[in-house]
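Subject: Handover of a structure

Dear colleague,

Please find below the structure that I am passing on to you. I would be grateful if you could read the notes beneath it with the model open.

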Amino acid sequence: MKSKSQLGRFLRTRRAQLQPSDVGLPEFDERRRVPGLRRDELARLAGVSESYYTRLEQGLSRGASAEVLDALARALRLDETEHRHLYDLTGSGREGGRDRTRKPPAPEHITETTRQLIDAFGDTPVVVLGRRSDVLAWNRTGHALFAGHLDPGSPQDPARRPNTARLVFRDAHTRELYEDWPKKARDAVGRLRLAVGRYPDDPLLAALIGELVMHSPEFTDLWSEHPVRAWDTAAYRMRHPLVGPMDVTQQAVPVPNGQGQRLVAVTAVAGSAAQAALTLLAQATAPGGRTRPAADNPSAVSEHL
């Protein structure tokens, strides 16, 4: 996960996605030897010399100025998330427009105030994820929604913590949970890419990626495309074995002073069948609550509308 090689791969994948016609360059009747833009074409668009850009792409020069990085981002038509990722890969990073000094990753845990925040969500499904997408904590309904087949106390033990990327690619229950699994898989890979840019020296992150490359061809294919996804809002159709299908929104927000932690809350449209399903899930998993799986009880949700 050396930053210089990650930077080169990121630039090459984004350069390959642009055609001359996309950026207003003339196309001639010639056989192009590379997909997308050539290095000289991108360098010209960004206003830098071809030799300088080549060194940057080869990882031989990581001291690019903010002006050069911004020019490259414009030339490559990067979105805001990709733009920030470009800064991370060069070793400076940006937060709020300021340069950020990279710090060695520290052991992850949640604070008492974060536990209070989780409790404040009540029955809304909530999980707290660390910088590697490890589950650091969840509430009762968060556990029931995402991983009811796992030990609810596993996030408290660093050696047994579930990892959402590992679950997406290596856990049959999680694969069945998402109707559009390829979308969820791409989102998981894109967020790991952000983590690599921000924490390139994290050995546990490197080990996780190595494991997924070894055991999942689907992960390997997506990883080679270098997708980048922000931690923000995503809509998914989930098929829960207990309460059936539901269209939900997963919203991720930074945990204050959480060093890369994200709190993910799951909601549904007010008055919808999905909201009824989430309510039923909360009731069914409450102490003493009981219901049959959705496959055996197809009217379970409608009875609660």
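The notes below describe the chain as a whole, then its sheet, and then its aromatic residues.

Please keep in mind that this is a predicted model. The protein chain contains 13 helices and seven strands. It has 305 residues, of which 49% count as buried. The chain exposes about 15,400 Å², and carbon and sulfur atoms supply 51% of that area. Among contacts between residues at least 6 apart in sequence, 57% join residues at least 24 apart.

**The sheet**

Five strands make up an open sheet with antiparallel pairing, in the order 4-3-7-6-5. Strand 4 (135–138) and strand 5 (233–240) each have a single partner strand, so they stand at the edges and one side of each has no neighbour in the sheet. From one strand to the next, the twist averages 30°.

At one of these edges, strand 4 pairs with strand 3 (residues 126–129) over three bridges, in the antiparallel sense. Leu-129 has Val-135 of strand 4 as its bridge partner.

Two helices lie across strands of this sheet. Helix 6 (residues 112–120) crosses strand 3, strand 4 and strand 7 (262–267), and runs at about 155° to strand 3. Helix 13 (residues 273–285) lies across strand 5, strand 6 (244–254) and strand 7, at about 80° to strand 6.

**Aromatic residues**

The count of aromatic pairs comes to four. In one of them, the ring centres of Tyr-178 and Tyr-236 are 5.3 Å apart; the planes stand at 80°, so this pair is edge-to-face. The pair links distant parts of the chain, 58 residues apart: Tyr-178 belongs to the loop between helix 9 (172–177) and helix 10 (181–198), and Tyr-236 to strand 5. Both tyrosines, Tyr-178 and Tyr-236, are buried.

Phe-219 and Trp-223 form a stacked pair, with 5.4 Å from centre to centre and 20° between the planes. Both residues lie in helix 12 (residues 217–224), four residues apart, which is about one turn of the helix. Phe-219 has a relative accessible area of 0% and is buried; Trp-223, at 11% relative accessibility, counts as buried too.

Phe-219 and Trp-223 also belong to one aromatic cluster with Phe-169 and Trp-181. Two arginines sit over rings of this cluster: the charged end of Arg-175 is over the ring of Trp-181, 3.9 Å from its centre, and Arg-193 lies over the face of Trp-223, at 3.7 Å from the ring centre.

With kind regards

Key
Residues numbered from 1 in each chain as written. Predicted model: local features only at pLDDT ≥ 70, side-chain atom pairs only at ≥ 80, totals over all residues. Heavy atoms only, no water. Pairing = 2+ DSSP bridges. Axes fitted to C-alpha atoms, helices over the stretch in contact; angles between N-to-C directions. Contact = heavy atoms within 4.5 Å. Buried < 20%, exposed > 50% of the residue type's maximum accessible area, 1.4 Å probe, protein only. Areas by Shrake-Rupley, 256 points an atom, 1.4 Å probe, with all protein chains shown as cover. Phe/Tyr/Trp six-rings, centres within 6.5 Å; stacked < 30°, edge-to-face > 60°. Lys NZ or Arg CZ within 6 Å of the ring centre and 35° of its normal.
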